[in-house]
Amino acid sequence: MNIAVIFAGGAGKRMHTKARPKQFLELNGKPIIIYTLELFDNHPQIDAIVVACIEPWIPFLKKMIRKFEINKVVSIVPGGETGQDSIYNALCAAEEYAAGREATVLVHDGVRPLITEDTITENIKTVAGYGSCITCVPATETFVVRQSDGSLDIPSRADSLIARAPQSFRLADIMSAHRKARSEGHHDFIDSCTMMSHYGHTLHTIIGPMENIKITTPTDFFIFRAMVQVHENQQIFGF
């Protein structure tokens with residue numbers, strides 16, 4: 001069983017929007033999160049979708065799911081105080097849906113709508129073979145890491161990857177890591193791969209598309225709009 005876990009529990013302060021959170025901003029009359037959900041809803045290997053959403057916006061999300069005929073959403077749960085807590089809430093719903101069956105979960109941002117069907121397929125395949133899959137892109141600029149003593153470390157760009165999403169795991173493994181983190185009072189892991197690495201899990205990677213951006217700023221939204229237009233042109237003109 002393969003379950004997409006989509007978290008959309010943030011307010012998106014860096015987007016500077018006033019009327020609505022960034023995941024509900026519309027392009028061509030369709031909210032960003034619906035673009036994301038459609039990718040998983042249309043994938044033949046995804047069995048179910050669980051969403052963690054800002055609680056006051058859950059009724060609106062349900063309305064949009066009906067409007068755009070998203071069929072695989074089995075649960076919508078309130079987001080938490082942190083991104084980690086939002087993911088945990090959604091994973092608990094996924095665990096309830098799995099009802100003891102083995103499952104792979106693909107943890108993905110609601111505002112990351114430019115992945116591909118192949119990326120989802122590779123995540124499922126890699127978890128089946130290795131137990132985890134972190135979707136990455138090659139680093140295109142130099143990283144500078146500040147050490148505790150104030151000195152700088154510059155890793156080789158050739159050996160550096162940027163972690164994106166989906167970040168996918170066996171459900172039992174990531175639930176165990178989340179419960180250990182909560183028992184230790186940790187609620188601020190930046191993402192799932194950071195948590196899993198912290199608790200000793202070996203992580204495996206795939207290279208995903210460069211356009212797989214997270215829509216966080218107005219600039220990101222403009223890039224998203226341009227990429228949607230490119231995809232529409234490809235369908236119409238075949239290039």
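**Exercise 1.** Is C92 buried, partly exposed or exposed?

*Solution.* Start with the scale: buried means under 20% relative accessible area, exposed over 50%, and partly exposed in between, with a 1.4 Å probe and protein chains only. C92 has a relative accessible area of 25%, so C92 is partly exposed.

Before going on, note how the values arise. This is a predicted model, in which local features need pLDDT of at least 70 and side-chain atom pairs count only at pLDDT 80 or more, while totals for chains, interfaces and linings use all residues. Residues are numbered from 1 along each chain as its sequence is written, and side-chain values use heavy atoms, with hydrogens and water left out.

**Exercise 2.** Find how many disulfides the structure holds, and explain the result for C92 and C193.

*Solution.* Step one is the general idea: a disulfide is a covalent bond between the sulfur atoms of two cysteines. The cut-off is a pair of cysteine sulfur atoms within 2.5 Å. Step two is the count, which is zero. Step three looks at C92: its closest cysteine sulfur, in C53, is 17 Å away, too far for a bond. Step four turns to C193, whose sulfur lies 7.2 Å from the closest cysteine sulfur, in C136, again too far for a bond. C193 counts as buried, at 10% relative accessibility.

**Exercise 3.** Describe the order of the strands in the open sheet, and state which strands stand at its edges.

*Solution.* First, the elements: helices (H or I, at least four residues) and strands (E, at least two) are DSSP runs, numbered from the N terminus. Two strands pair if DSSP finds at least two bridges between them. The sheet has seven strands, in the order β5-β4-β1-β6-β10-β7-β11, with mixed pairing. At the edges stand β5 (73-78) and β11 (205-207); each has a single partner strand, so one side of each lacks a neighbour in the sheet. From one strand to the next, the twist averages 25°.

Next, take one pair. β4 (residues 48-53) pairs with β5 in the parallel sense over five bridges. V50 has S75 in β5 as its bridge partner. Helix α2 (residues 58-67) packs on the sheet and touches β4 and β5; contact means heavy atoms within 4.5 Å. The direction of α2 makes about 165° with that of β5. For such angles, axes are lines fitted to C-alpha atoms, for helices over the stretch in contact, and angles run from 0 to 180 degrees between N-to-C directions.

**Exercise 4.** Work out which parts of the chain the salt bridges E95 to R179 and K214 to D109 link.

*Solution.* A salt bridge is a side-chain nitrogen of Lys or Arg within 4 Å of a carboxyl oxygen of Asp or Glu. The whole structure has six. In the E95 and R179 bridge, the closest N and O atoms are 2.7 Å apart. E95 sits in helix α3 (residues 83-98) and R179 in helix α5 (residues 171-183), 84 residues apart. E95 is partly exposed at 30%, and R179 is partly exposed at 37%.

For K214 and D109, the N to O distance is 3.8 Å. K214 lies in the loop between β11 and α7 (218-237) and D109 in strand β6 (residues 104-109), so the pair ties together parts 105 residues apart in sequence. K214 is partly exposed, at 32% relative accessibility, whereas D109 is buried, at 6%. Salt bridges with shared partners join D109, R112 and K214 into one network.
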